[in-house]
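Visitor: I should like to examine a single part of this structure closely. Please choose one residue, begin with its surroundings, and then explain how that place fits into the rest of the chain.

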Amino acid sequence: MKFSRSILSLVAIPATSAFISSPSSKMVTRLNSDSAPAPFFSSDISAALDREVSYLPGKADTPFAKKYGHLAGAEIRTVAEAFSQFTDMLGTPVNALYKGMCSDLVGSLHLVVVNARFNKDPLFSLGLIAALDLVLKNYPEQDTGKKIKTAIIESVGLSESDIDAEAAMLEEWAKGKTQDDISNALKGEGDSPLADIAKAIKGEEWWMYSKFFGIGMVRLMEIVGVEQDMSVAYDVMENWVGKCLEKPYYTACSDSDYYFKIKGKLDMMETMMKEIEIREKKRMADRLEAKAEAAIRAAEKASAWESEVKKDETKTEEKVEA
């Protein structure tokens, strides 16, 4: 701004001298003072740069840094290490149709668990079990499917027995409840397991949402009889997360939509696999029928041949006796 005023003053001097014999001392003084060099950085920017240069991880004077600063520089397991442990624990190849989904589950679950803000609760556990059941319910080899579930959970440092127990407890509590009952519990009313979860979430400034928490919400909707439709679930999710828990709900609603899209694709894949199985069984039945018919014809042919042989033997014996 000062630089601009200096330029304007310089431009104005010749025009003024054409009408005034000599410039006033006040104008010269103003020009000299305005044309003084301005600092390249303002004091605010300089202070910001000083803070940036002197920054130390976890040492900022903020509530977040005060709570989690002690974790600065801590060693964190990588996604590659989680994948490696998953492979070692499973000990068998994953079906090609399920390989991508299993990789996504291991990677996303690992990134959730290693986050310092993550707190496991029964609603998270319910969502994790619901997601695994959705993906693996039609796995061709059910024994391998169970091993995949165990490997996914254990490879990220969670306990399968704890996850199963928490999910079963919350699911059992939700049976027989209504949508309004869930809403009231999510507001923190009462002393139910869900109300305890809601109170903990409301009391945590840095609470972290995860997609498995959102899927747990969708599973609660299914238990209490909410129509399993994308648009209906969106409105319920907005109410439960946004109004009842008083947390941002856009990501939860987006995850709800994504869940139903994946569910639709998996249902389509299930139908397709059943059709393939029916066709294969029909082909096998046709092949077995063809083999049975061939065996019957061969048996009939052998029987006829034996009959002819016996007739010839009988004729030969009669000729010899004659």
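**A close look at one residue**

Guide: Asp-267 is partly exposed, with a relative accessible area of 26% (buried means under 20%, exposed over 50% and partly exposed in between, with a 1.4 Å probe and protein chains only). The model is predicted, so local features need pLDDT of at least 70 and side-chain atom pairs pLDDT 80 or more, while totals for chains, interfaces and linings use all residues. Residues are numbered from 1 along each chain as its sequence is written, and side-chain values use heavy atoms, without hydrogens and water.

Asp-267 makes a salt bridge with Lys-137, and their closest N and O atoms are 3.9 Å apart (the term requires a side-chain nitrogen of Lys or Arg within 4 Å of a carboxyl oxygen of Asp or Glu). The pair ties together parts that are 130 residues apart in sequence, because Asp-267 belongs to helix 14 (residues 250–321), whereas Lys-137 belongs to the loop between helix 7 and helix 8 (142–155). Helices are DSSP runs of H or I with at least four residues, strands are runs of E with at least two, and both are numbered from the N terminus. Lys-137, the partner of Asp-267, is itself partly exposed, at 40% relative accessibility. A further residue takes part: Lys-137, Lys-263 and Asp-267 are linked in a network of salt bridges.

Helix 14 also holds a pair of charged residues that are close in sequence, namely Glu-280 and Arg-283, which are three residues apart and thus separated by about one helical turn. These two form a salt bridge whose closest N and O atoms are 3.2 Å apart. Glu-280 is partly exposed, at 37% relative accessibility, and Arg-283 is partly exposed too, with a relative accessible area of 44%. The spacing of such a pair follows a general rule: an α-helix has 3.6 residues a turn, so residues three or four places apart point the same way. In contrast to these partly exposed residues, both Tyr-259 and Phe-260 are buried.

The whole structure holds 13 salt bridges. Another of them joins Lys-175 to Glu-172, with 3.6 Å between the closest N and O atoms. Here Lys-175 is partly exposed, with a relative accessible area of 48%, but Glu-172 counts as exposed, at 52% relative accessibility. A nonpolar residue may be exposed as well: Leu-111, in helix 6 (residues 96–113), is exposed with a relative accessible area of 52%.

Where Asp-267 shows a link from helix 14 to a loop, helix 11 (residues 193–202) shows how a helix may be packed among others. Its buried residues are Leu-194, Ala-195, Ile-197, Ala-198 and Ile-201. They cover an arc of only 155 degrees around the axis, in the directions from the helix axis to the C-beta atoms, and are therefore on the same side of helix 11. These buried residues pack against helix 7 (122–136), helix 9 (160–174), helix 10 (179–186) and helix 12 (211–223).

The complete chain may now be considered. Its secondary structure comes to 14 helices and zero strands. Of its 322 residues, 32% are buried. Among the contacts (heavy atoms within 4.5 Å) with a separation of 6 or more, 68% join residues 24 or more positions apart. The salt bridge of Asp-267 with Lys-137 likewise connects distant positions, since the two parts it ties together are 130 residues apart in sequence.
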